Amino acid sequence: MHSLPTTITETGALLARGEISPVALVQAHLARIAQLDPALNCFITLTPELALQQARQAEQEMRAGAYRGPLHGIPLALKDLFETAGVRTTAGSSFFAEYVPEHDAHVVSKLSDAGAVLLGKTNLHEIALGVTNENPHFGATCNPWDLRCIPGGSSGGSAAALAAGLCLGALGTDTGGSIRIPAALCGVVGLKPTRGRVSLCGVIPLSWNLDHVGPMARSVRDAALLLDVLAGYDPDDPWSVDQPVEDYLTGLEQGVQGWRVALAADDYFTDPAVVDEQVLQAVRQAAQAFAAMGAQVEEAAFPGARQAARTNGLITPSDGAAFHRERLQANPDGFGADVLARLRTGAAYTCTEYSLARQAQAILRHQFGQFFKDYDLLLTPTVPIPAPVRGSADAVERANLLTRFTAPFNLSGLPALSVPCGLTREGLPVGLQLVARPWAEARLLRAGWAFENYQVEHGTAIVYPTISTSRN
């Protein structure tokens, strides 16, 4: 195989027609991982034997006419928070370094039933509490666009692996932006569905009240294919919601003609002291693209975002400190310095502060819902700045900056999608965040697909980088 197909959509069609072999496909990805991952450090655990076993099974089934669908034989990677039977699940933590679950997470079982192939478990910011992916226990993950830079986090290994072509799709989790931030900084697609849309069962938690599971991919259609498999009610998950599931591919290509689209334009989203001018310019150009596609675009204030981000920033470490309370008490030095600081901050909040935060969450969720009675879509930058250099700032401060535009939609549980919207002069990706009303993932993906294809048609879509095998 001289060159690897780059998307699930393209690869699935080739597999279904028998033009490529699942085994050869997996072997090619494993070879690429062997070549590039020493420089990138995307994976904590590789599963080559399992991957080849699953690929051989997929090949036999396809030859026998037992085709399972568009994920059959597709090589995927999982953030190392998802429990995998017989395969260690570390959560990027020294405490879980040798943890080998007996059962698969619910979504892992769904992917297995769809015939997907597991290449391995990807690196993350320790216990998912951070956005740099500079992990003191398993090493830092590098950004494929510039190895000196962070990939974002906490799902940074998944995003970097996708950008480097080490897998065709991946799973991430998102508590304050952990799918969308690395998607933006690595130039891939990342979807945080509505809270309760995808099961959390078998996912090591950070915040019981804010965690989301979602797909990461190299195209919007691929994200839709993954969500088609992942979405649905799980009676074993207390946070799952029994809401009808749409077919995310039907209507994907119908466009945004006549939609009312808001471009977030208040100071919180445009402050030049915080938001890089190149990021702002790219998002403004994206808004112009939506207008050119027939949407009615208008600048609008999105009130409450600042309070929502701050409230999310209180609940996240508080819930994390609650989940890790025994480890925090027995062996605090087992945590990295930045994670320990955030957990101690979370543990120090009073019951009154936490109660008021939960009250604010309910009020803001209602307020945000009212906003989407007037608009079909909200556009914001995904993150305020391009990928910064590793080790160049305090990790806690960096988390506050990079979650500025993503965290409000964890607090509210609204679905949000990050798609690439160009490159900076330095050649680093910029992410556009699209937000919609609850359970509107199909419309969100439809808008993302329209924008993605507009860029292709106008020659502004990003081209993935060639990665040096020497680590900077």
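What follows is an exchange about helix packing and empty space in a predicted model.

Colleague: Why are helix 2 and helix 3 called roughly antiparallel?

Modeller: Their axes cross at roughly 155°. Angles over 145 degrees count as roughly antiparallel. Helix 2, residues 22-40, and helix 3, residues 48-63, are therefore roughly antiparallel to each other. The axes come within 8 Å.

Colleague: Is the crossing of helix 2 and helix 3 left-handed or right-handed?

Modeller: Right-handed.

Colleague: Which residues in helix 2 and helix 3 meet?

Modeller: Helix 2 brings Pro22, Val23, Val26, Gln27 and Leu30. On the helix 3 side are Pro48, Ala51, Leu52, Ala55, Arg56, Ala58, Glu59 and Met62. This contact divides into 10 nonpolar residues, one polar and two charged.

Colleague: What makes two of those residues charged?

Modeller: Asp, Glu, Lys and Arg count as charged. Arg56 and Glu59, both in helix 3, are in the contact. They therefore fall in the charged class.

Colleague: What makes helix 7 roughly antiparallel to helix 16?

Modeller: Helix 7 (residues 220-230) packs on helix 16 (residues 441-457) at an angle of about 160°. That makes helix 7 roughly antiparallel to helix 16, since the class takes angles over 145 degrees. Here the axes are 9 Å apart.

Colleague: In which sense, left-handed or right-handed, does helix 7 pass helix 16?

Modeller: Left-handed.

Colleague: Which residues in helix 7 and helix 16 meet?

Modeller: From helix 7 come Val220, Arg221, Ala223, Ala224 and Leu227. From helix 16 come Glu441, Leu445, Gly448, Trp449 and Glu452. By class, the contact has six nonpolar, one polar and three charged residues.

Colleague: Why does Gly448 count as polar?

Modeller: Gly is among the residues that count as polar. Gly448 is one of the helix 16 residues in this contact.

Colleague: Now the empty space. How much space lies in the largest pocket?

Modeller: About 390 Å³. Its lining has 24 residues. Closest to the centre are Ala309, Gly313, Ala399, Asn400 and Thr403.

Colleague: Which helices supply at least two residues of that lining?

Modeller: Helix 10 (305-323) and helix 14 (395-402) each do. Helix 10 gives six residues, the largest share. The lining as a whole has 10 nonpolar, 10 polar and four charged residues.

Colleague: What makes the other spaces cavities rather than pockets?

Modeller: In a cavity a 1.4 Å probe fits but cannot get out, whereas a pocket is an open set. The structure holds two cavities of 30 Å³ or more.

Colleague: What volume has the largest cavity, and which residues line it?

Modeller: The volume is about 50 Å³. Pro193, Thr194, Arg195, Gly196, Val198, Leu200, Asp211, His212, Val213, Asp237, Trp239 and Ser240 form the lining. By class they are five nonpolar, four polar and three charged.

Colleague: How many charged residues are in the lining of the second largest cavity?

Modeller: None; that lining has eight nonpolar residues, one polar and no charged. Its members are Ala184, Leu185, Val279, Val383, Ile385, Pro386, Pro429, Val430 and Gly431. Asp, Glu, Lys and Arg are the charged types, and the list holds none of them. The volume is about 40 Å³.

Colleague: Which element supplies the largest share of that lining?

Modeller: Strand 13, with three residues. Helix 6 (180-186) and strand 13 (429-435) each supply at least two.

Methods
Residues numbered from 1 in each chain as written. Predicted model: local features only at pLDDT ≥ 70, side-chain atom pairs only at ≥ 80, totals over all residues. Heavy atoms only, no water. Axes fitted to C-alpha atoms, helices over the stretch in contact; angles between N-to-C directions. Helix = DSSP H or I, 4+ residues; strand = E, 2+ residues; numbered from the N terminus. Parallel < 35°, antiparallel > 145°, perpendicular 65-115°, else oblique. Left-handed = near helix turned anticlockwise from the far one by under 90°. Contact = heavy atoms within 4.5 Å. 1 Å grid on protein atoms, 1.4 Å probe; cavity = no way out; pocket = protein on both sides within 12 Å on 5 of 7 lines; lining within 4 Å. Points joined across faces, edges and corners; volume = space filled by probe spheres on them.
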